[in-house]
Amino acid sequence: MALSSFTGNRNRALAIAAVLTSGVTASGIQAFAQELYPNNLVVSRSVYDNRASNVKVGTILPPNCAETLGGCSAVTGATNDGTYPYVFNNDLYDGSFGITSRIYLDQISIFGREINSIEVPNSDEKHLGSPSHMVTSFSSKSELALNLSTDGKKLTFMGYVAPVNALDVSNSNTPLAIDPTNPDGQTTYYRAVAEIGEEGRFKFTETNAYSGNNGRAAILNNSNGASFFYTAGNAGNGANPQPAGVVEGAGAQLIVPTRQDEEAQDPALPTPVGSFNVTELKDKADKIGKDDNFRGMTIFNNVLYYTKGSGGNGVNTVYFVDTTGTACPTGVGLPVAGAKLPTKSISYDPMTISTTGLTSNMCILAGFPTALAKTANPVAYPFGIWFADPKTLYVADEGDGYTGGTDLYTHAAAQTTAGLQKWVFNSTTKTWSLAYVLSNELRIGTPYTVAGYPTGTNAATGLPWAPATDGLRNITGLVGPDGLVAIWGITSTVSGGGDTGADPNRLVVVVDEIANTNPAFAAKTPFIDVKDAHFAEVLRGVSFTPGTNLEKLKDLFSRR
């Protein structure tokens, strides 16, 4: 049915949303285990290895705390064995608690049909044909964002070079950035960037960045002779001041890809490509490195953008890297026309980095929040980011993650920034402004059931086990016919579980009209479920597959 047969903007949006989840697929696809086909979607999924033996009740946590300067402060150990989801009640005792898990890339058509699932090589799957491997941390909720390279032919994401079922890897040190105050001890693990093309072959590049925390997203710049990754993440899990290697490896990084197997790699010190310091806004300095606690990232019109939406330091907002040095003398600005993407590390003094931090070369995008996270009202929690065009920007807000009481669900439902924010650019004032927040039928604050998941109350927290949507994390989008856009997003959750990152979540889609700025239209525009995580599963990232032709997809919409 052609879209022209529908009258009214909302009817057209609803029609295309219905088609996107109808289960119809493109013809002629034969799914082979390791191949990614152009013009589809791919979703990153992690599956917990549900074994009671993963954790022994009474085990001292963090498991390597005896190696630290502070030693083990607690006198009791793990309260739960490795049985899902009860195992994540151990997070109430060990704030760094996590267990490494397998990664899968699920390929689906844009109309919702499942095509195949690719398992990322890991320590338990040598038969996959790769001497290298990578895992994620269950239940680290900020990991496994998916991004296409600048030429659209490679897909990238981040994880850890560690075995499956290892404890507390996500807060471990990296080998060249040791923090002796890190309560996770001195057992070290490299972080890594994974790269995969249409043929389904993986390449991994190790890094010493993100010591004490996690890498979250990566984009390969492979255009015009370039060959390096831009990455986003967080670093540090110890005392202040942080060691130089931790500060160097925070936030925005530039990493050169390698074609060597992991066992032959010897990564050097981290190479920061961007940094922001709240002193640019005339605010008092925070903990060094924590202003750069970045989550989402994208490249649009040759500009590298980042979001920060977590932690008590810095500003939760949208940033860009200023390669001209002229865009934001006061910390806020707009990209300079014709500016180039960054190609080298920012300058800094390695002798004073632990006290002065990195050189600030990033700007808050004009119109976005500038108030400190600890004082802003309301506080936003931006995560994924997608430009529909130069004047239309969608920002996913994951919600505040509140688990503080019996008002768990009502608190989530009352949030005003959670969901999908639509920002528009005013050419006269030269600033971005928030048009509205899409959240209809996202069911924020409404509990749902998962087959096999506990019901009732979690005795460890005194709150209900049932998860509820809290907002959105990673997103991607497509400009379709008649000025409509489809945006796919991964939901965040709240619950009474010991760690809400362990809650099975959803992939959803919403269709909006680019030109619309009327909140009344937005209030009636629904999200629709596309894919649900099952018991002991979580969904993390969403992207188009390598080689996707967006114009072809637009035409496909028109013919539907």
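**Exercise 1. Pairing along a strand**

Which residue of E21 does Val 424 stand opposite? Determine this for the predicted model, and then describe the sheet in which strand E20 takes part.

*Solution.*

Step 1. Val 424 stands opposite Ser 433 in E21. The strands involved, E20 and E21 (residues 431-438), pair in the antiparallel sense over seven bridges.

Step 2. Turn to the other neighbour of E20. Strand E19 (residues 392-397) pairs with E20 in the antiparallel sense over six bridges. Two positions illustrate this register: Ala 396 stands opposite Leu 420 in E20, and Leu 393 has Trp 423 of E20 as its bridge partner.

Step 3. Assemble the sheet. Four strands form an open sheet in the order E18-E19-E20-E21, with antiparallel pairing. Its edges are strand E18 (382-389) and E21, each of which pairs on one side only. On average, neighbouring strands of this sheet are turned by 25 degrees against each other, direction ignored.

Step 4. Examine the connection from E20 to E21. Their hairpin has four residues between the strands, and Lys 430 there takes a positive phi near 60 degrees.

**Exercise 2. Burial of E20 and of a preceding loop residue**

Why is strand E20 described as largely enclosed by the rest of the structure? Characterise also the surroundings of Thr 417.

*Solution.*

Step 1. Seven of the eight residues of E20 (residues 419-426) are buried, and the strand is therefore largely enclosed by the rest of the structure.

Step 2. Thr 417 is located in the loop between helix H4 (408-413) and E20. Its relative accessibility is 13%. Since buried means under 20%, Thr 417 counts as buried.

Step 3. List the contacts. With residues up to four places away in sequence not counted, Thr 417 touches Pro 378, Val 379, Ala 380, Asp 397 and Val 437. The side chains of Thr 417 and Asp 397 are also joined by a polar contact of 3.1 Å.

**Exercise 3. Aromatic pairs**

How is the ring pair of Tyr 84 and Tyr 453 to be classified, and which parts of the chain does the pair tie together?

*Solution.*

Step 1. A pair of aromatic rings is described by the distance of the centres and the angle of the planes. The structure holds 24 aromatic pairs. For Tyr 84 and Tyr 453, the centres are 5.9 Å apart and the planes stand at 55 degrees, so the pair is tilted.

Step 2. Tyr 84 lies in the loop between strand E1 (40-47) and strand E2 (99-109), whereas Tyr 453 lies in the loop between E21 and strand E22 (457-458); the pair therefore ties together parts that are 369 residues apart in sequence.

Step 3. Assess burial. Tyr 84 counts as buried at 2% relative accessibility, and Tyr 453 counts as buried at 7%.

Step 4. Consider a second pair. Phe 88 and Phe 97 are arranged edge-to-face, with 6.1 Å from centre to centre and 65 degrees between the planes. Phe 88 is buried at 1% relative accessibility, and Phe 97 is buried at 4%.

Step 5. Place both pairs in context. Ring pairs link Tyr 48, Tyr 84, Tyr 86, Phe 88, Phe 97, Phe 138, Tyr 453, Trp 465 and Phe 535 into a cluster.

**Exercise 4. Arginine over aromatic rings**

Over the face of which residue does Arg 45 lie, and over which does Arg 506 lie?

*Solution.*

Step 1. Arg 45 lies over the face of Tyr 104, at 4.8 Å from the ring centre.

Step 2. Arg 506 lies over the face of Tyr 448, at 5.9 Å from the ring centre.

Key: Residues are numbered from 1 along each chain as its sequence is written. This is a predicted model: local features need pLDDT of at least 70, side-chain atom pairs count only at pLDDT 80 or more; totals for chains, interfaces and linings use all residues. Side-chain values use heavy atoms; hydrogens and water are left out. Buried means under 20% relative accessible area, exposed over 50%, partly exposed in between (1.4 Å probe, protein chains only). Two strands pair if DSSP finds at least two bridges between them. A polar contact is a pair of N or O atoms within 3.5 Å; within protein, one must be able to donate a hydrogen and the other to accept it, and residues adjacent in sequence count only if both atoms are side-chain atoms. Contact means heavy atoms within 4.5 Å. Rings of Phe, Tyr and Trp (its six-membered ring) pair if their centres lie within 6.5 Å; planes under 30 degrees apart count as stacked, over 60 as edge-to-face and the rest as tilted. A charge sits over a ring if NZ of Lys or CZ of Arg is within 6 Å of the ring centre and within 35 degrees of the ring normal. Axes are lines fitted to C-alpha atoms, for helices over the stretch in contact, and angles run from 0 to 180 degrees between N-to-C directions.
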